[in-house]
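Me: I'd like to go through this model with you and ask where its labels come from. Could you set each value against its definition as we go?

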Amino acid sequence: MAATAVIGLQWGDEAKGKIVDLLTEDHDVVVRYLGGNNAGHTVVFNGKTYKLSLLPAGVLHPEKTSVIAGGVVINPKAFLEELDSIEKQNGATVDNLVVSDRAHVIFPWHQLEEAALEKARKDEAIGTTMRGIGPCYRDKAGRTHAIRMGDFIRPDVFRRRLEEIVPQKNTIIKALDPDATPLSADAIYEEFQAYADRLRPRITDTTALLHRELKADKKLLFEGAQGSLLDIDHGTFPFVTSSNSSGCGIHGGSGVPERVIDRMIGVVKAYTTRVGGGPFPTELHDETGQRIRDVGREYGTVTGRPRRCGWLDAVATRYGAMISGVDCIAVALLDVLTGLPELSICEAYEIDGERTTDFPSHIDDLAKAKPVYRTLPGWTEDICGVKKLADFPKAAREYLDALAELVERPVEIISVGPDREQTVIV
Ligand code: GDP
Ligand code: IMO
Ligand code: MG
């Protein structure tokens, strides 16, 4: 086995952090390759809860190498704050963490642009995390306003780039928001120079490093962020994030071809959640939805926003599994469904009177989709301590069987609580 990938198959927050942490002991290198501090990955063990946003879950295992690859967008201040907080929590320094010189840097103008653009969309706001992720990726694609880590750590290049970019950004920001205070290249240089000094020793060509590790028979673990349905190309555009957050992003984001990955694990929450705007056919606006939110503690790790909750959407999840190319599924938060008298899984949509199991490519069609449900019995037994498949109540096993059948992938891992120990390997 050379590499494993853990990919969310829904709209994020599927418990990727927990699954990555669980698998870390069998790997040598943990790689984050997309997104930025819009992600919020929770890891729980030994009675401690860790909230990771930019750092790969591998940083909790000091003996492993952690890599932030070129596809990630990095807010240097947020990076350093998170690093400090993890080091404080653990009482030990994080020594084996490197950052790609190809990664793009998020600057204050990215957040200002995003705030103005989201405000202008009013009711149709994307509902982003406001971390400047989208504008930073836009500048990466546009090239002229982009600053990569490799530029950022070279003081003369950084200074020159700021002097070119900041006046242009001030014009753009002024046009978007006449009340905005202009940015100062000098002030940004002063502040960010200090961040660059701290980051410099960690910056390297991570693509070369990952290929060296592969050659040395080391095992890589790719930690996906966001989810397949938030993918910029294959998700519910424009209510998506600005990178390839399905399995499609691994190669581009890390420089490691997907063909070296022999195990692609899709993480599926036992129901569905979504943060931000966009259609969500199985959303529940009733007591059941509220109950799932309360029991599952469905409030955003990053923004604290209540997550929208609903039944498992097997049409959307199967589509996520298909585009991400996953071999098997890790089902998480199954325990949250305990006590519900009856459970529903969406097995098809009805769109304009036609039944389909295809996931629509346009959000207007998805917004019209009426879920066709398969109803299953619930269970009341506490499953938080279950250790093997045979010990689940019959109804829970039937639910897992239906999930595997409808998503067309075998279930190999079942998570029944936030702790590392609360996991069943099938
Ligand atoms: P990620 O972004 O995919 O890593 O997921 P998040 O960390 O944002 O959200 C998952 C939440 O569910 C976190 O609070 C986890 O601690 C918690 N969690 C993970 N697995 C389970 C589980 O099996 N049961 C319960 N009840 N909570 C879980
Ligand atoms: P993890 O890795 C859930 C959502 C935002 C918004 C949309 C665009 O914890 O699963 P962005 O700031 O990326 O431009 O926001 O994407 N979003 C997430 N939702 N989990 C995440 O990450 C998310 N990262 C972004 O809520 O709807
Ligand atoms: Mg999350």
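Reply: Happy to; the turns below take the labels one by one.

Reply: Before we start, this is a predicted model, in which local features need pLDDT of at least 70, side-chain atom pairs count only at pLDDT 80 or more, and totals for chains, interfaces and linings use all residues. Residues are numbered from 1 along each chain as its sequence is written, chains are lettered from A and ligands numbered from 1 in the order in which they are written, and side-chain values use heavy atoms, with hydrogens and water left out.

Me: How many helices and strands are there in the chain, and what counts as one?

Reply: The chain has 13 helices and 20 strands. Helices are DSSP runs of H or I with at least four residues, strands are runs of E with at least two, and both are numbered from the N terminus.

Me: Why is the chain called as compact as a globular protein of that length?

Reply: The globule rule is 2.2 Å times the number of residues to the power 0.38, and the radius of gyration is taken over C-alpha atoms. For 426 residues the rule gives 22 Å, and the chain has a radius of gyration of 22 Å, so the description fits. The C-alpha trace spans about 65 × 50 × 35 Å along its principal axes.

Me: What share of the chain is buried, and what makes a residue buried?

Reply: Buried means under 20% relative accessible area, exposed means over 50%, and partly exposed lies in between, using a 1.4 Å probe and protein chains only. Buried residues make up 58% of the 426 in the chain.

Me: What makes Asp13 and Gly40 the donors for the magnesium ion (ligand 3)?

Reply: A donor is an N, O or S atom within 2.8 Å of the metal (3.2 Å for Na, K and Ca). Asp13 (OD) and Gly40 (O) coordinate the magnesium ion at 2.0 to 2.2 Å, so they meet the 2.8 Å limit. The pair links distant parts of the chain, 27 residues apart: Asp13 is in the loop between β1 (3-8) and α1 (16-24), Gly40 in the loop between β2 (29-32) and β3 (41-45). Water is not among the atoms, so sites may look incomplete.

Me: Why is Gly40 called buried, and why is Asp13 called partly exposed?

Reply: Gly40 has a relative accessible area of 12%, so it is buried. Asp13 has 22%, so it is partly exposed. Asp13 also has a positive phi of about 60° although it is not a glycine.

Me: What makes helix α11 largely enclosed by the rest of the structure?

Reply: In α11 (residues 314-324), 10 of the 11 residues are buried, so the label follows. Among them are Val315, Arg318, Tyr319 and Ile323. Their cover includes β1, β11, β14 (312-313), β16 (342-351) and α13 (394-407).

Me: How do you know that Arg263 touches residues from elsewhere in the sequence?

Reply: Contact means heavy atoms within 4.5 Å. Not counting residues up to four places away in sequence, Arg263 touches Ala3, Thr4, Ala5, Leu23, Asp327, Cys328, Glu412 and Ile413. The C-alpha atoms of Arg263 and Thr4 are separated by 4.8 Å, though the two are 259 residues apart along the chain. Arg263 lies in strand β11 (residues 261-269), and its relative accessibility of 26% makes it partly exposed.

Me: What does Gln422 touch?

Reply: Gln422 touches Lys18, Cys384, Ile414, Ser415, Val416 and Gly417, again not counting residues up to four places away in sequence. Gln422 lies in the loop between β19 (411-415) and β20 (423-425). Across the chain, residues 24 or more positions apart account for 74% of the contacts with a separation of 6 or more.

Me: Why are Lys122 and Thr181 called exposed?

Reply: Lys122 has 65% relative accessibility, so it counts as exposed. Thr181 has a relative accessible area of 64%, so it is exposed. Lys122 is in the loop between α3 (108-120) and α4 (133-142), and Thr181 in the loop between α6 (155-176) and α7 (185-199). Lys122 has a positive phi of about 45° although it is not a glycine.

Me: Which residues does the cis peptide bond join?

Reply: The bond joins Phe237 and Pro238, with omega about 5°. Pro238 sits in the loop between β10 (220-223) and α9 (249-254).
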